[in-house]
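Subject: Structure for your review

Dear colleague,

Please find below the sequence and structure that I am handing over to you. My findings follow directly beneath.

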Amino acid sequence: MSLTIRYPSFNCLFYDLVKYSFRCRFFYHSALRWFPTFGLRTIDAVIITHSHADAIGGLDDLRDWTNNVQPSIPIYVAKRDFEVMKKTHYYLVDTSVIIPGAAVSELQFNIIQEESFIVHGLKFTPLPVWHGRGYRSLGFRFGNVCYISDVSEIPEETYTLLEDCDLLIMDALRPDRSSSTHFGLPKALEEVKKIRPRRTLFTGMMHLMDHEAVNEDLAKLMDSDGLDIQLSYDGLTVPVKL
């Protein structure tokens, strides 16, 4: 449930560092599967959405990446999530605790606020959402693409940041109902009708979601509601103008 942006000057990853792919549960395996397919040789930036274990558990794989593929990787992360990383991945944050002779990561942590920031010339705007009661997660907007990977409620103030969206990539976990931390398909559709993006791709679906059957039903919404909505899939590429 992650997104790779290929921009003229860099490659950027939005990370659920564990849930990088449906079939490949860890970043390492997904990199082996998809990076050669798309000719990816560098990771120029990583943007963290939130600090749940299934979102940052694969951070350790970037340690080997900086030891074998490229010298360093900048990580962009909210302060609250960085505080979690200082506990769960303390050896990546403070490399002084590493046993002499062991592989040391070269990750450059950059603290972001809930305001726009620039990475390699591309503007990113955080989209604050709730991912369960009282738990803040971030989606991000770049150009007219809006990415919200984990959401149970969209605050009213975030809707203005979603206006004039060409492509919305959004969480839709179950086919029947929402959970306490994720939109289900009915709620996700309700939100799409409110946001009115030009195109929508749902992501993060669980095994109960019958991909072909649901996509057939979603295709009918173009005629009935003027909505272009489909489920995403592993390896999907979408050309966009930024």
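The lining of the second largest pocket in this predicted model is made up of nine nonpolar residues, one polar residue and three charged residues. The space in this pocket comes to about 230 Å³. Of its 13 lining residues, Tyr28, Ala31, Leu32, Trp65 and Val69 are the closest to the centre. Which helices each supply at least two residues of the lining? They are helix 1 (27-38) and helix 3 (59-68). Helix 1 gives the largest share, with six residues.

As to annotation, an unreviewed UniProt entry places the feature "domain: Metallo-beta-lactamase" at residues 39-204. Within residues 39-204, helix accounts for 26% of the chain and strand for 30%. The C-alpha atoms at the two ends of this stretch are 24 Å apart.

Two helices: helix 4 and helix 7

Helix 4 spans residues 79-88, and its buried residues include Asp81, Phe82 and Met85. These residues cover an arc of only 100 degrees around the axis, and they therefore sit on the same side of helix 4. A general point of helix geometry is useful here: an α-helix has 3.6 residues a turn, so residues three or four places apart point the same way. The exposed residues Lys79 and Lys87 are carried on the face of helix 4 that is turned away from the buried side. What do the buried residues of helix 4 pack against? Their partners are strand 3 (45-48), helix 2 (53-56), helix 3, strand 4 (73-78), helix 5 (90-93) and strand 5 (107-112).

Val93 offers a closer view of this region. This residue belongs to helix 5 and is partly exposed, with a relative accessibility of 27%. Apart from neighbours within four places in sequence, Val93 contacts Phe82, Met85, Lys86 and Phe109. Two of these partners, Phe82 and Met85, are among the buried residues of helix 4. Between Val93 and Glu83 there are 9.9 Å from C-alpha to C-alpha, at a separation of 10 residues in sequence.

Helix 7 covers residues 185-195, where Leu185, Ala188, Leu189, Glu191, Val192 and Ile195 are buried. Viewed down the helix axis, the buried residues fall within an arc of 160 degrees, so they line one face of helix 7. The elements that cover them include helix 6 (156-159), strand 10 (167-171), strand 11 (199-203), helix 8 (211-219), helix 9 (221-225) and strand 12 (229-231).

One of these residues merits separate mention. Is Glu191 buried or exposed? Glu191 is buried, because its relative accessibility of 4% lies below the cut-off of 20%. Glu191 is situated in helix 7. Leaving out residues up to four places away in sequence, Glu191 touches Ile154, Tyr159, Met170 and Phe183. Tyr159 falls in helix 6 and Met170 in strand 10, two of the elements that cover the buried side of helix 7.

Loops and backbone angles

Most residues other than glycine have a negative phi. Two residues of this model are to be noted in that respect. Just after helix 7, Arg196 takes a positive phi of about 60 degrees, although Arg196 is a residue other than glycine. Arg196 is placed in the loop between helix 7 and strand 11 and is partly exposed, with a relative accessible area of 44%. Asp164, which is not a glycine either, has a positive phi of about 55 degrees. Asp164 is found in the loop between helix 6 and strand 10, and its relative accessibility of 47% makes it partly exposed.

Cys165 also lies in the loop between helix 6 and strand 10. In contrast to Asp164, which is partly exposed, Cys165 is buried, with a relative accessible area of 1%. Which residues are in contact with Cys165, once neighbours within four places in sequence are left aside? They are Arg141, Asn144, Cys146, Pro197 and Arg198. Cys165 and Lys123 are 42 residues apart in sequence, and their C-alpha atoms are 15 Å apart in space.

With kind regards

Notes:
Residues are numbered from 1 along each chain as its sequence is written. This is a predicted model: local features need pLDDT of at least 70, side-chain atom pairs count only at pLDDT 80 or more; totals for chains, interfaces and linings use all residues. Side-chain values use heavy atoms; hydrogens and water are left out. UniProt positions are given in the numbering used here, feature names are shortened, and annotations may be inferred rather than shown by experiment. Helices (H or I, at least four residues) and strands (E, at least two) are DSSP runs, numbered from the N terminus. Buried means under 20% relative accessible area, exposed over 50%, partly exposed in between (1.4 Å probe, protein chains only). The arc is that of the directions from the helix axis to the C-beta atoms. Contact means heavy atoms within 4.5 Å. On a 1 Å grid over the protein atoms alone, a cavity is a set of points where a 1.4 Å probe fits but cannot get out, and a pocket is an open set with protein on both sides within 12 Å along at least five of seven lines; lining residues have an atom within 4 Å of a point. Grid points are joined across faces, edges and corners, and a volume is the space filled by probe spheres set on the points. Ala, Val, Leu, Ile, Met, Phe, Trp, Tyr, Cys and Pro count as nonpolar, Asp, Glu, Lys and Arg as charged, and the others, Gly among them, as polar.
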